[in-house]
Amino acid sequence: MAKLSFILCKMTSGKQAISICLIVAALHSLNLAGAENSPLPPALADRYTVRRWTLDDGLPDSQICGVAPGNDGGLWLVTPRFLVRFDGNTFTSMSMPEQTLQGLNESLFIDSSGGVWVYGHNGAFRYHEKTGWQNLNGLVPPGRVTGIAEAPEDVLFIAHRDGVYALKNGSIRLVLPESELLSDGVGTIRNIASADDKTLLIDTGETIYAWNITPDKKFSLNAAMRATVLLTNTASKQPLAYANSRCMRFKEGRWQPLPEIRPVKPRSYLELPDGSLWIGHDAGIDVFDGSDWQTQTQSVLYGPASVLSMAIDKESNIWIATTEGLMRLRRRVLYGVPLDGSADSAKISVLWVENKNRLWAGLLPGGLAMGDADGLEPLLVPPDFSDVALNALYREKNGKLWCGGSGGSLWTLQNQSLQRIEGVYAEGVRAITGRGDVPTWVATRRGLLMYNLEKNRLVEMAWPMDPVLALWLDNDKTLWVAHESRGLAAFGSESNTNERFYETIHPIRTIRTLYRDRDNILWVGGIAGLARLNGESAFIFRNTHGLWNESIRQVSEDNKGFLWLGSAEGIMRVAKRDFAEVADGLKRHLSVRIFGAEAGMDNESCSGGVFFPFGEPPCERLWFPTAGGLLTIDTQSLPARRPAAKIEFVSIEPGVYVELAHTLDRFIRRETAPAGNPREILIKYTALDFATPERVRFLHRLTGPVTQESGLTEERQVVFSRLPPGNYKFTLNACNGDGVWCPESAAIYWSVKPFFWETGAFRLITVLLCGGILVIIVRTNERKRSRLKIEAAEREQSLERERARIARDLHDEIGAKLTRLSLLGTMVSEDSQHDESLRCQIDEMAESARETHRAFDEIVWSVSPRNDTVKSLSHYICKYAEDFFSSTPVACSYDLQETMRDNPIDPQRRHHFFLSVKECLNNILKHSGATKVSISIRQMENNLVVEVADNGCGFAPQDVGRHGNGLLNMRERMRTLGGAFEINSSEGQGATLKFAMPI
């Protein structure tokens, strides 16, 4: 700002210059006032980072009257209206009891059993997460309570307007009336403090009394001084007394004077583990460091609000309750490196670090600076160089500094002489590397350049024009090249230009940094993870393995075996052993310690661009260029890792069919989910982390009929819907920002009740009912089938009876008449021998009657149900053949199988089979001219086989159907019956016909 004022004044003149300078000075003073963000004295403010919570962050009131860490691990706050619990992430307000007045709370006190006392004008109230609120108004007379102290044997002393009351085992009694303490009636009891196990200090506003807690209740006036304010500290029993500029501490049974302090209105007191004393007042905090007081600035109009209470938690966070909200102070780990005495950290684009922490830095927007951890000093450079934004630095052993940046330039600086390197157009230099002599390789936006020492110029390599973002040169001269689009490549030496690309690490995309550690492992950082290249084995680490951010822009190493990763969201510290174990599958997640705003990063985005001499060993001090300036850290003086975060279940909202297996703490809210989601359970949880609550990550697992397991997540609630009935277990674990996991997981058990149709009784009843219905249906069908079978059998029997009746009637009536007609014809033929014409007619009539009788016998045979067997059919075929050839010159013989199964046969099938054989016999008699016919009937493999052979003229099988349809009809009938018909014949050799029908 001073430089800006000087420049503006130089550029103008007269009244304009004076006006501008006044404006700049005013802006400068406002800037200083606005920078007054810490309540600490300026000499100490840089040691701590500050975070503030106000109404916009969830506080119910802007004024915080008291703050104290609870025995349960949470942070308790009291406002004029509410008691508030803070888990580092969320403020949970608890309304005071209904009978209290609003806006009259003054402070809080936490007893040894975990009870939180809220007191003030309303009296005193005790809250415990398991028992809720306890009102003491019925025991202590109404009135203002100004202080609470605890003595051995769980005795609490309560400072009341009537005197001092003692509370033990739920019984309260007045142990020191105000009249005994204030004999002259002047003043009132303003505070009490337990100085040690037997001394109670009582502040009356003018005098502090020391009371020996004995049965005789004697007390004596402290002769050391008359103090107006008694300050108590919950962390130790060493009260502080203040009067005007005098300050004394009660220690080891006596008052010890401290150096004089400026006149302030003290309101709170805190003693840190290092022995320093902090006094909070209306202008901020004054600190006694053991030798003298460090005081706040006098510009209180722009400073912090009144400090009402202070406390320190187990994570070493310092909490400050003010009239304008809650503040957290945390010891700074990362420190900014200033530029030219400025209060701000130097904004740099690239850094070269040498032994003994000597720095060369490229400034933003241009220029060079040199210095160390205490600060950087700009170097005088020519005007044409001051605008060059540097991206790469390299320093030879002889002291020559190579500078590469934008604008197609490569420069050298030696002995305050700056020269530009001629040669190939070095557009956008990103890295320069070598082995301590003249740099060998230069990475640019156009590709890779090699420095030709003989020609003293840069030569462009004949490679694809792909931007190169990082380089690393190994001891064996292997060069590793990080291409923007093609990924990682390597080749052996300057003369070998055959690149070998590593596709295994391609998923990390654009590579930002390369680093080989002292264990000879190459680390490749990009915008999508960190790759570990150990020989030919590669492993990529991502968020799922524990990285807080996957955009890795810088990799550094300390001398304790840790890698430090500069990312887009802070700095991560991970043991190399952890990387190896995860890569080998020995563990699932890395133990990552994260440094961000709480550690001193005003801007958590690291920019990378740190270079150092070839073969430089790991250092104790590391450097991280960021968007907010250059930061440095001493790795040897890191604070210890914080303890594991305590897991808490905030609320559980089960559906109506979800039943918790056990009762949780009273503090946890339980609600019932809407009836529309009867099997849904919503679990809200948290972890008590007060330094980096935003970096707490969780792992949870659901086991039971359904098994689910999450990855690392920052979500603080989970919903399970449509769970099938059964018993479930939900386990939760958490990791804080220091990479410390909880040693034990927290668990919740519940049961999902089945719907009525999923119960065993319902299923049993359903099975029985369905079984009964099935039995009824089966039995009904069986009865129906039986009835149909009986009806079919009855119809069959009726039909058979009717067939038998018809056959019998036909045989008895029509058969007898046809026989009689045939006999009468024979007799008339004998009587008419003299009339030849009449005799011929009568013989013809008699023959027709005989043929009709035979046909009638055949019909009667086919109709009669007694003949529906294989044996009957066989016998009838033989009888018919014998009768058919009896009055002809053809001699008929037959061979009938003696043992034949009498299988039933369908009347229609036996009739068609008989007609086929009959057709065969007719053909033999009419066409063959045979004198012998043989018939063979057999049962063969469930077939009835009839074979008819004659000694007639025979025929050619290919002529079948040419002169008649008899053989075709026989074949068609047998096909219809599903049988077979075979012909074996030749001319002049007779014929054999074979009929086969399944039976």
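Two strands count as paired if DSSP finds at least two bridges between them. Helices (H or I, at least four residues) and strands (E, at least two) are DSSP runs, numbered from the N terminus. The model is predicted, with local features requiring pLDDT of at least 70 and side-chain atom pairs counted only at pLDDT 80 or more, while totals for chains, interfaces and linings use all residues. Residues are numbered from 1 along each chain as its sequence is written, and side-chain values use heavy atoms, leaving out hydrogens and water.

**View 1. Open sheet of strands 50 to 53, with helix 6 across it.** The four strands are ordered 50-51-52-53 and pair in the antiparallel sense. Strand 50 (552-557) and strand 53 (593-595) are the edge strands, each pairing on one side only. From one strand to the next, the twist averages 25° (axes are lines fitted to C-alpha atoms, for helices over the stretch in contact, and angles run from 0 to 180 degrees between N-to-C directions). Strand 50 is joined by five bridges to the antiparallel strand 51 (residues 562-567). Ser 556 has Trp 564 of strand 51 as its bridge partner. Helix 6 (residues 576-583) lies across strand 50, strand 51 and strand 52 (570-575), at about 75° to strand 52; contact means heavy atoms within 4.5 Å.

**View 2. Hairpin of strand 46 and strand 47.** Strand 46 (residues 511-516) pairs with strand 47 (residues 522-526) over five antiparallel bridges. Arg 516 is partnered by Leu 522 in strand 47. Five residues lie between the strands, and Asn 520 in this hairpin takes a positive phi near 65°. Of the six residues of strand 46, five are buried (buried means under 20% relative accessible area, exposed over 50%, partly exposed in between, with a 1.4 Å probe and protein chains only).

**View 3. Hairpin of strand 48 and strand 49.** Strand 48 (residues 529-534) and strand 49 (residues 537-541) run antiparallel and are joined by five bridges. Opposite Arg 532 stands Phe 539 of strand 49. The hairpin has two residues between its strands, and Gly 535 takes a positive phi near 65°.

**View 4. Salt bridge between Glu 271 and Arg 249.** A salt bridge is a side-chain nitrogen of Lys or Arg within 4 Å of a carboxyl oxygen of Asp or Glu. Here the N to O distance is 3.7 Å. Glu 271 belongs to strand 22 (residues 266-271) and Arg 249 to strand 20 (residues 246-251), 22 residues apart. Both Glu 271 and Arg 249 are buried. The whole structure holds 31 salt bridges.

**View 5. Salt bridge between Glu 315 and Arg 642.** The two side chains meet at 3.2 Å, N to O. Glu 315 sits in the loop between strand 26 (307-312) and strand 27 (318-322), and Arg 642 in the loop between strand 56 (629-634) and strand 57 (646-654), 327 residues apart. Glu 315 and Arg 642 are buried. A network of salt bridges links Glu 315, Arg 593, Arg 642, Asp 689 and Asp 738.

**View 6. Salt bridge between Arg 446 and Glu 460.** The pair meets at 3.5 Å, N to O. Arg 446 lies in the loop between strand 39 (441-443) and strand 40 (448-452) and Glu 460 in strand 41 (residues 457-460), so the salt bridge ties together parts 14 residues apart in sequence. Arg 446 counts as partly exposed at 27% relative accessibility, as does Glu 460 at 31%.
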